[in-house]
Amino acid sequence: MSDSFMNDWVYTDTVKEHFMNPKNILNDPDYQDDGRGMVGSMACGDQMLVVIKVENDRIADCKWKTYGCASAIASTSMMSEMAAGMTLDEAYNLTPQMITDALGGLPQHKFHCSVLGDKALRAAIDDYLERVGRENPFKKKIAKIVCECKGITDQQIEALVKAGTVDTLEQLQQETGLGTVCGKCKSLAEEMVEEFRHIYGRE
Ligand code: FES
């Protein structure tokens with residue numbers, strides 16, 4: 001990369017360091033994972049794979065691979081370092097904001113790139129719990145109400161988009177009644193449908 005490219009860089013030094021020297025990249029094809037999560041879409045060029053090893057309900061190791069942009073690489077690198085040693089509960093509740101804060105911030109329009117890593121980590125934990133035949137005790141805790149009038153949560157929206165039942169706000173309204181009372185939740189819900197479509201490769 002040219003010097004002028006690096007001088008024009010709008011990211012923090014921490015982002016730059018994690019992009020130039022990403023930590024915990026998965027490059028062993030025989031890696032024996034206890035759980036794996038894949039999100040994103042190859043069509044958008046930002047598919048993300050996260051694999052974990054679990055010991056005593058803690059993340060013993062977290063590796064990843066992505067075709068994403070610089071922000072996705074830096075934020076997943078940071079996330080993999082933060083996740084190692086966390087309990088499953090803590091790791092499940094790792095938010096894009098926490099990762100972004102640890103990076104010293106990301107340009108606003110790049111924030112969505114950091115959501116892929118934590119989604120993939122959650123998917124890997126889901127996979128682990130499924131493999132060992134355990135209920136997922138963490139899911140309910142992170143549900144947030146999006147439509148107060150109808151009590152529709154972000155997790156319900158996510159599940160409907162993931163299942164392919166919902167691709168648009170209109171379909172979401174038909175399925176759940178979201179946004180049909182005061183309507184103030186509609187623009188947020190529409191953004192979430194877009195985001196989840198992106199994450200689950202439905203575009
Ligand atoms: S908050 Fe969704 S319709 Fe009122």
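These legends go with close-up views of a predicted model.

**View 1. The three-stranded open sheet.** Here we have 3 strands in an open sheet, ordered 1-2-3, and the pairing is antiparallel. Strand 1 (35–39) and strand 3 sit at the edges with a single partner strand each, so one side of each has no neighbour in the sheet. From one strand to the next, the twist averages 15°.

**View 2. Strand 1 against strand 2.** These two strands run antiparallel and are joined by 5 bridges. To find your way along the pair, start at Val39: its bridge partner in strand 2 is Met48.

**View 3. The hairpin of strands 2 and 3.** Strand 2 (residues 48–55) and strand 3 (residues 58–66) pair in the antiparallel sense, with 8 bridges between them. One handy landmark is Val51, whose bridge partner in strand 3 is Lys63. The hairpin leaves 2 residues between the strands, and in the turn Asn56 has a positive phi of about 50°.

**View 4. Helix 3 on the sheet.** Helix 3 lies across strand 2 and strand 3. Relative to strand 3, helix 3 runs at about 165°.

**View 5. Helix 2 crossing helix 3.** The axes of helix 2 (residues 13–20) and helix 3 (residues 70–83) come within 8 Å and cross at roughly 90°. The two helices are therefore roughly perpendicular to each other. On the helix 2 side, look for Val15, His18 and Phe19; they meet Ala70, Ile73, Ala74, Ser77 and Met78 of helix 3. Sorted by type, the residues of this contact come out as 6 nonpolar, 2 polar and no charged.

Note on methods
Residues are numbered from 1 along each chain as its sequence is written. This is a predicted model: local features need pLDDT of at least 70, side-chain atom pairs count only at pLDDT 80 or more; totals for chains, interfaces and linings use all residues. Axes are lines fitted to C-alpha atoms, for helices over the stretch in contact, and angles run from 0 to 180 degrees between N-to-C directions. Helices (H or I, at least four residues) and strands (E, at least two) are DSSP runs, numbered from the N terminus. Angles under 35 degrees count as roughly parallel, over 145 as roughly antiparallel, 65 to 115 as roughly perpendicular and the rest as oblique. Two residues are in contact if their C-beta atoms, placed from the backbone, lie within 7 Å. Ala, Val, Leu, Ile, Met, Phe, Trp, Tyr, Cys and Pro count as nonpolar, Asp, Glu, Lys and Arg as charged, and the others, Gly among them, as polar. Two strands pair if DSSP finds at least two bridges between them.
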